[in-house]
Amino acid sequence: MRIERIWHGMVRAPFSETIEWGSGKRSGTTRLIVRIETAGGIVGWGEAQCLIPSTPAVMAQVAELAVGHDVSDVERLHRHVLGAGYYHHQRAAVFAIAALEMAMWDAFGKHCGQPLWRLWGGRWRERVAASAYVFHADPARLAPAGFLDAGFETFKVKIGFDAESDLALAETARDMIGARPLRLDVNGAWTPGTARAQPARLAPLRPAYVEQPLELSDIAGHAALRQCQPIPIALDESAYTLTDVGRIVAAGAADVLLLDPHQAGGLWQVLKAAGIAEASGLPVSLHSGAELALSQAAYLHLAAAIPNMTLAIDTERTYLGTDIAADPPALCEGWFTVPEAPGLGVEVDEDRVEALAVDRIEGPIWTRRARAGSRSSPLTDTARPGACRKDRNPHDAPRRAAGHDTGPEDGGAAGRTGGGPA
Ligand SMILES: [Mg+2]
């Protein structure tokens, strides 16, 4: 079951509409796709979020390191890549490791003839609830009615655009969804002063939790925030790696953790992180970055196997108009069904991969935040939409990419361009 050959490339899937958050807008998703082939001819597929150019660049080196590994050696691969120098750049390396590691699990599951959840302790649940993403900076544009009609029971709204819209967005959403769980995601946009002041205004709206109110590195600040206000605190960006999760739990900095295999460096790392949370009585969920079929299926295997994943998982699936598989995991009345086929349980359509291929990352429009020097005015210092916008030409036409191959017969990825990511 040794990996003999690896291909990787990027694909882009447009959204059906632009979604907004505290740092900008997104009109689509770019994903890193990996295909591995073992000496015995088993094919495994993997996928990762691809926001920054370092991801495909690191993938080229990860692929060289992975050739020759047994597909069951996921922990060894993770440590091998970090030990090769990426300890210094762990947050840049995790996405490439995750894509390769997912492909290893897919191949291993196919070799065993078993779905991944069966290799991870069994199926704790047969279907997985999803949270509706209602992402607009303007309260007048919030429209959860379609999600209500589709059967969603949990709702997530982005706030953190400015202090007054925080309240208006939460009030509007609460009016529309009734008593259903309402998550408010700040994406780290609040200063400590804002974070002390806003909960008193939001608490009457009974949020299920406020997600990532402070910057990702401020673990002590989140721990303090849990002690001075009543709304549960969920951490997302702060909880990327296994070490992050250990520090959060030790500090008592969260009531809920959002895990993400792409940001953790693999599915196995998420299973371990969920165990840390379980031992401390914490429920976990999964962060969404617009997963295509492979990552979405991987999420469902994780959710099936992790007992303390008791909360609806996040998903941007409703915004995706296309995919790399003809039959990706589907939502039905706000629920996913856990796959049962071996491996990830996804049949990738390689013609679709080719049709969606790109050689550059496109889509995000970042908004520069105005945080510095603002702590004396905590209720007026969060970023205002449109005030400091820096566009990145998101509408360039996609260009086709041939991707990269790494295998014994081609001498590795170094030096191969083929129109793929440099
Ligand atoms: Mg979040």
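In this predicted model, Gln-212 sits in the loop between β7 and α8 (219-228). Its phi is near 45°, a positive value in a residue other than glycine. Most residues other than glycine have a negative phi, and most peptide bonds are trans. Is Gln-212 buried or exposed? Gln-212 has 27 other C-beta atoms within 10 Å, so it counts as buried, the cut-off being 20 or more.

Another non-glycine residue, Arg-206, also has a positive phi, of about 55°. Arg-206 belongs to the loop that runs between α7 (192-202) and β7 (209-211). Here the neighbour count is 13 C-beta atoms inside 10 Å, so Arg-206 comes out as partly exposed. A residue would need 12 or fewer such neighbours to be called exposed.

Past the loop that holds Gln-212 comes α8, and this helix contains His-222. With 24 C-beta neighbours inside 10 Å, His-222 counts as buried. Which residues does His-222 touch, once its neighbours within four places in sequence are set aside? The list is Leu-214, Ile-233, Leu-235, Ser-238, Ala-253 and Ala-254. His-222 can also be placed relative to Ala-195: the two are 27 residues apart in sequence, and their C-alpha atoms are 9.3 Å apart in space.

Zooming out, the protein has 13 helices and 17 strands. Of its 422 residues, 51% count as buried. Contacts reach well along the chain, too: among those with a separation of 6 or more, 74% join residues 24 or more positions apart.

Next come the helix pairs. Two packed helices are described by the angle between their axes and the distance between the axes. Helix α1 (residues 54-66) packs against helix α3 (residues 90-112) at an angle of about 55°, and the two axes are 8 Å apart. That angle makes α1 oblique to α3. The crossing of α1 past α3 is right-handed. On the α1 side, the contact is built from Ser-54, Thr-55, Val-58, Met-59, Val-62, Ala-63 and Ala-66, and α3 supplies Ala-92, Ala-93, Phe-95, Ala-96, Ile-97, Ala-99 and Leu-100. Sorted by class, this contact has 12 nonpolar residues, 2 polar ones and no charged ones.

Val-58 gives a look at this contact from the α1 side, since it lies in that helix. It has 22 C-beta neighbours inside 10 Å and therefore counts as buried. Leaving aside neighbours within four places in sequence, Val-58 is in contact with Ala-92, Ala-93 and Ala-96. There is also a link to Val-81, which is 23 residues away along the chain: the C-alpha atoms of the two residues are separated by 9.8 Å.

Helix α2 (residues 74-83) packs with α3 as well, this time at an angle of about 155° and with the axes 10 Å apart. The two helices are therefore roughly antiparallel to each other. As for handedness, α2 passes α3 in a right-handed crossing. The residues that make the contact are Val-74, Leu-77, His-78, Val-81 and Leu-82 of α2, together with Gln-90, Ala-93, Ile-97, Leu-100, Glu-101, Met-104 and Trp-105 of α3. By class, they divide into 9 nonpolar, 2 polar and 1 charged.

What does His-78 of α2 touch, not counting residues up to four places away in sequence? It touches Ile-97 and Glu-101, along with Gly-265, Gly-266 and Gln-269. His-78 has 23 C-beta neighbours inside 10 Å, so it counts as buried. Ala-93 is 15 residues from His-78 in sequence, and the C-alpha atoms of the pair are 9.6 Å apart.

Finally, the nonpolar core. In soluble globular proteins, nonpolar side chains tend to be buried together. The largest nonpolar core here has 126 residues, and the members that touch the most others are Ala-96, Ala-99, Leu-100, Met-104, Leu-257, Leu-259 and Ala-303. Which element provides the largest share of this core? That is α3, with 14 residues. Leu-259, one of the well-connected members, is in contact with Ala-239, Ala-264, Val-270, Ala-273, Ala-274, Val-284, Leu-286 and His-287, leaving aside neighbours within four places in sequence.

Terms used
Residues are numbered from 1 along each chain as its sequence is written. This is a predicted model: local features need pLDDT of at least 70, side-chain atom pairs count only at pLDDT 80 or more; totals for chains, interfaces and linings use all residues. Axes are lines fitted to C-alpha atoms, for helices over the stretch in contact, and angles run from 0 to 180 degrees between N-to-C directions. Angles under 35 degrees count as roughly parallel, over 145 as roughly antiparallel, 65 to 115 as roughly perpendicular and the rest as oblique. A crossing is left-handed if the near helix is turned anticlockwise from the far one by less than a right angle, and right-handed if clockwise. Two residues are in contact if their C-beta atoms, placed from the backbone, lie within 7 Å. Ala, Val, Leu, Ile, Met, Phe, Trp, Tyr, Cys and Pro count as nonpolar, Asp, Glu, Lys and Arg as charged, and the others, Gly among them, as polar. A nonpolar core is a set of buried Ala, Val, Leu, Ile, Met, Phe, Trp, Tyr and Cys residues joined through C-beta atoms within 7 Å.
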